[in-house]
Each structure stands twice: as structure tokens, then as C-alpha cells.
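Q: I should like to learn how to read strands and sheets in a structural model. Could we work through an example together?

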Amino acid sequence: MLTRCAVRVRSGGTCLAALGCSALLLLTACGPHTEAAAPAPSPSVRVAQHPALLPVPRGDGSRTPDDFNGDGHRDLVLDDLAKAQPHADDPGIGIVYGGPRGLVPGARQLLSPKEHAAATDGQLPALFEAEAGCDLDGDGFTDLVVSTDPPYDGQGQPPVPLQLLFGSPKGLTGKGVKLVIPARARVGNDWPDQPVCGDFDGDGAEDLVLHASGGQLSFLRGPFSRKGAPEAAAAPIASPGNNPTGPAADVNLDGYDDLLIRTAEGTGPSAVVLGGPAGPTRTGVALPAGIDIALGDFGKGKALDAAVGAMGETSLRYDLPTAGRATLASPGSMLDAADFDGDGLSELVSSGARLRFFPGRTAGLSTKGMVTVEPPATGTTRVLSVADLDGDGLADLTVRTYRSETRDTVAVYPGAEEGLVAREPAVTFSTAGFLSH
């Protein structure tokens, strides 16, 4: 059972590595007396723009999330890597492996279609993007679900565009395997995509939920074979919308993972769909329209809470699925939540020109003690991960600042019992390093 977990949900896509103990806050109004600005990074920051390539540590298997090599340390997935030159092809998917002190930028791996994708009718995909990570075959090594673009003539049901890359003691090695969706689990002629991992039926194995069509979802029960086939799959299940959104979380703490369903593309409303012995079949509470959704333990109930970020305001729904309501002025529409200081409650992170942390309170979200951190570079900053990367029990914040197609900076801010997070990143690097993998 997941307790006090936090996830963040983006409009139109799935986010990886977003589970962590947490609580959120929405900003009403705050002046200089409520905000502690972080000083500029000091020379002690370990800067590793292009660190020397290191071997991937060998693991024996673990229950740690996002641990592709099974050594007990979280790894980081990176899409949209820096390119050698503007308008060049996407290099692929980057993996940075973790160690006892956190991410090790030198222990990196580039997953490219040429080396790691399965061909369809002799044709390798041009699209190769990470969608979800979980241990689908139950061997102690996290696997990666990747989206591709197989050839399709537009007639009848399209082929399955998803492939599975299986973890191993050496990480993600070998070719992808095409996900098998039995015919009985499909409906309509939409692309079967938008995968979400989770144990929706409570049997201890990771399942997959995918978009089908016509307000229905494909539910594939795990574990999965090394040929990409699920243990079982029944007819598509009814859903309040077509767009499953992850990562999943046990919002009502009943032992079954639940997921969010977008009822429309873009900023449309959402609904919580509750898991159970039959899978995610019970619609819970409806959530208002918004750009971003973060779930966390904000302190006002026993179950998880939700914050829905929009341009004008942020809507709060406490104690899902009963969902007591509140509305606060928005600190920003891009929200993430995790427990960075180890007090058992979640903090809200709002990303943009600056990173703003709002501490959790037993009475709910609060603006008091807000901490502001300047991103490590000028550009558009987005959160990549809120997860414990260094194993100290506190969530860490990983962000990427996009500067141009060829320049970016990834920075990791460790959690801290005093001050929520370290005021300077523990490590920074550029994804351009994957070009010399």
C-alpha cells in the first residue's frame, strides 16, 4: 500500500519518477516577510557538464522505483536531450544511473532507436520517447515503456506503438519488445497509447492501463512476459474519459492503485478512477479543469489530496475521494509535490522563472515560510523528478533548464530537514553529454 505519496500529472502526457512522500500548497498572497530567497550557488557545487563516461553499476535486483539496474538506487530518465546542432534528429532517451550519494552523471546510457528499438516490417521507428517506468515482469529491475511510430496505412486498427525495454543487472540493454494487447482488450480504431503503470487489482504485480476509444480503457494485468504479453486481459473497461494520466497512486489508501483520467484533451476536467479486484473500474471524485494536477498528503485528512493548477487559480480537493473543496490564488500552473523535509507532509513546488517551495502544515497548505530557489541557468525550467535519489529518506528535486536546442542544464537540489531543500544543487550537468556516450 502506498501512503502519503505525491504525484504530478501533466496535461497531455505521462510523467516518470514522480512518487514521493509529500504535501502541497497554493499561494494566496505573500510579501517579502514570507519568502526566504536562496543565495546564488557557491563554488562547492559539483558541476559536471560533460563528465567522463563510467560503467553502469551492476545490481542484483531491488524494490526501489525507477531502478533499471537493480542496485537499490534510483535512476533518472531524460527525454528531449540536447542536440548536436539545431533542428537535428532527437538523439533518443537518456538514462542517468544513481549511486549511494545520488545521481552519477558519468554513469549514463543513451537509448536510440537504432540500437534499442524493435523494427516493424523492417523499418525502425523515428519516434522513441519514454512513457512510463515500472517492474512489469517482477524480476526486481525496473522496465521502461517507450512510445514509437510504427508504419500504418490508416486502414482498420493501428498497430500497437508501445515497446518494452527490460531492466537487467547492466541496466536497460538489448532490443525493445512490442507490447502485446490482446484483441479482446481493444476497441475502436484509436492508437492504443498513454500507458500508466500501477497495481490496480492489488495482486502485487504491475499492470498497465492504456487509452482505447469511446470512453473506454484497455486494462492489462501483470506480470508481463519477456515477449511483451500480459498475464491476462479482459474486454475494455468503461471510463469517464479517454486519457489515462500517470503516475498512479493509492489515493484512498485501500491497497489498490488509482489513476487520474482526463475527460478531455488540454485543460479539460479530470476524474479519479479507483482500483479494485477488477481493476480501475470505479469512478471516484471529479476534479476541475486545469493544466497540472499534483497529489499529496497536505495534512487535512487521512487520504491523499489534490491540487489542480490553472492560469488564474488553483483548486484544492482534500481527502480524496470525498474531496472537501477549497480554492486559492495560484502560485503557478506547473505543480509538483513531495516531502522534502521529512516531516511526513507534502510541500508544493511551482516551477517557472523561479522554483517556489511552499511548506506543508497539519491544517493544510500554507504560504508561511515559502522558499524561493533560483534555477541554475537562464531559460525555461521544468521539474523532472521529485524523488529520494540519495537514499536519506528526503525527496530531492531534479529540474531541467532549457536554454536552446543545443544547451540545457539539469540540476539536483537535495531535500533538507531545515529549509526544505538545499540552497544550491548537489550536482549539475548537461544532457549534451549523451552525444558522447
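The dialogue below turns from the whole chain to particular strands.

A: To begin, the model is a predicted one.

Q: What does the secondary structure of the protein chain come to?

A: The protein chain holds one helix and 34 strands. Of its 437 residues, 57% are buried. Among contacts with a separation of 6 or more, 52% link residues 24 or more positions apart. The accessible surface is about 16,700 Å², and carbon and sulfur atoms contribute 52% of that area.

Q: In what order do the strands β5, β6 and β7 form an open sheet?

A: The general idea is to follow the pairing from strand to strand. Here the order is β5-β6-β7, with antiparallel pairing. β5 (76-78) and β7 (102-111) are the edge strands, each pairing on one side only. From one strand to the next, the twist averages 25°.

Q: How many bridges join β5 to β6?

A: Three bridges join β5 to β6 (residues 93-99), and the two strands run antiparallel. As for individual partners, L78 is bridged to G94 in β6.

Q: How many residues lie between β22 and β23 in their hairpin?

A: The hairpin of β22 and β23 has three residues between the strands. Four antiparallel bridges join β22 (residues 305-309) to β23, and A306 has R317 of β23 as its bridge partner.

Q: Is strand β23 mostly covered or mostly uncovered?

A: In a regular strand, side chains alternate between the two faces of the sheet. In the present case, β23 (residues 313-318) is mostly covered, with five of its six residues buried.

Note on methods
Residues numbered from 1 in each chain as written. Predicted model: local features only at pLDDT ≥ 70, side-chain atom pairs only at ≥ 80, totals over all residues. Heavy atoms only, no water. Pairing = 2+ DSSP bridges. Axes fitted to C-alpha atoms, helices over the stretch in contact; angles between N-to-C directions. Buried < 20%, exposed > 50% of the residue type's maximum accessible area, 1.4 Å probe, protein only. Contact = heavy atoms within 4.5 Å. Areas by Shrake-Rupley, 256 points an atom, 1.4 Å probe, with all protein chains shown as cover.
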